[in-house]
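Student: I'd like a close look at one part of this model, please. Which residues line the largest pocket closest to its centre, and which helices and strands supply its lining?

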Amino acid sequence: MTQKRVIVDFDNTMGVKGCDIDDGLALLFLLGSPNPVRIEAVCTTYGNSDIRTVGAATARLLEALAAAGEEIPVYEGAPSADSADSDAARFLARTAAENPGEIHVLALGSLTNVRGAAEEDPSFFANLAGITLMGGITESLAINGIIMDELNLSCDPAATRAVLQASCPVSIATSHNCLPAQFSLDDFRQAFGEDSWVHRTCGYWFDDMMERYESQAFVCWDVVAAAALARPDLFERKPLNVALNDRLLSVGYLEAARTGVPQAQVCAPEIVDAERFRAEVLTAWKFMSDRLG
């Protein structure tokens, strides 16, 4: 089977107290998944934290992966939506142009680097095999009764609109479709053990979830987008016509468009079997956990 060539554009903060671990876990899933995926590089973007914090966390993650035999290049992205020019944007544009129809972009944070690539090369989206995102709400999103704000798509609404209108296939793991990807402290203890690299690096997030939401579990949002790209057999692909309403996109709201409203059609993959999905993800993480020590 031909390998999918993937560039991961993410706001990784794994290991940073008070910040989410899902971007790093999405990368570990891709590396541990049995389906053929080749990580060309990672690009850093802002979102979970500022670009420097994301860069430092990503450097630590890539150092650990390098020790386990996974050498992955990294390119720094734009620090905010104010300017989309960056090393990451230029790398994305150049790599897509040099490999038309072969590169998939997995965008797990703000979309400014992707917008920058399209500004660098107007043919950028046409050169891609596809782009897969995590983000967007389709209705109010709550964890244990606490309303959550959307993060990824709302960071740079202009970039979000550009991606929704891209000429390549676009898939979005919406926040609501990610809710079945919930993992508990017991899942981590049983799968990896408290002495494992994964538990040592990610264990703080359970304390954070308890403090914020009184829950000993978390939703691993970004792994759903990663799995939708690497393991499409775990999903049902459903079309979603999204209204191109800048005010709504500024809060990450993906309104289902009615006839006559300016709109774009994307794919909104839904997990078919939540238990099978969770088992497959834990297996991939366990494979990488054993490699990382």
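Tutor: Happy to. Helices and strands here are DSSP runs, at least four residues long for a helix and at least two for a strand, numbered from the N terminus. Keep in mind that this is a predicted model.

The largest pocket has a volume of about 490 Å³. It is lined by 31 residues, and those closest to its centre are Asp20, Met148, Trp205, Tyr213 and Trp221. By class, the lining divides into 14 nonpolar, 9 polar and 8 charged residues.

Now for the elements behind that lining. At least two residues each come from H1, helix H10 (204–213), strand E10 (217–219) and helix H11 (221–230). H10 gives the largest share, with 4 residues.

H1 can be placed in the fold as well. Strand E1 (residues 4–10) pairs with E2 in the parallel sense over 7 bridges, and Arg5 stands opposite Arg38 in E2. Helix H1 (residues 22–32) lies on the path from E1 to E2, a β-α-β crossover that is right-handed. E2 itself, residues 37–44, is mostly covered, with 7 of its 8 residues buried.

H10 also leads us to the aromatic rings. The whole structure holds 11 aromatic pairs. One of them joins Phe183 and Trp285 in a tilted arrangement, 4.8 Å centre to centre with 55° between the planes. That pair links distant parts of the chain, since Phe183 sits in strand E9 (residues 182–184) and Trp285 in helix H13 (residues 274–292), 102 residues apart. Both Phe183 and Trp285 are buried.

The pair that involves H10 is Phe188 with Phe206, edge-to-face at 5.1 Å centre to centre and 75° between the planes. Because Phe188 lies in helix H8 (residues 185–192) and Phe206 in helix H10, this pair ties together parts that are 18 residues apart in sequence. Phe188 and Phe206 are buried too.

Finally, ring pairs link Phe183, Phe188, Phe192, Phe206, Phe218 and Trp285 into a cluster. So H10 appears twice in this picture: it gives the pocket lining its largest share, and it carries Phe206, a member of that ring cluster.

Key: Residues are numbered from 1 along each chain as its sequence is written. This is a predicted model: local features need pLDDT of at least 70, side-chain atom pairs count only at pLDDT 80 or more; totals for chains, interfaces and linings use all residues. Side-chain values use heavy atoms; hydrogens and water are left out. Buried means under 20% relative accessible area, exposed over 50%, partly exposed in between (1.4 Å probe, protein chains only). Two strands pair if DSSP finds at least two bridges between them. A crossover is right-handed if, with the strands pointing away from the viewer, the path from the first strand over the helix to the second runs clockwise. On a 1 Å grid over the protein atoms alone, a cavity is a set of points where a 1.4 Å probe fits but cannot get out, and a pocket is an open set with protein on both sides within 12 Å along at least five of seven lines; lining residues have an atom within 4 Å of a point. Grid points are joined across faces, edges and corners, and a volume is the space filled by probe spheres set on the points. Ala, Val, Leu, Ile, Met, Phe, Trp, Tyr, Cys and Pro count as nonpolar, Asp, Glu, Lys and Arg as charged, and the others, Gly among them, as polar. Rings of Phe, Tyr and Trp (its six-membered ring) pair if their centres lie within 6.5 Å; planes under 30 degrees apart count as stacked, over 60 as edge-to-face and the rest as tilted.
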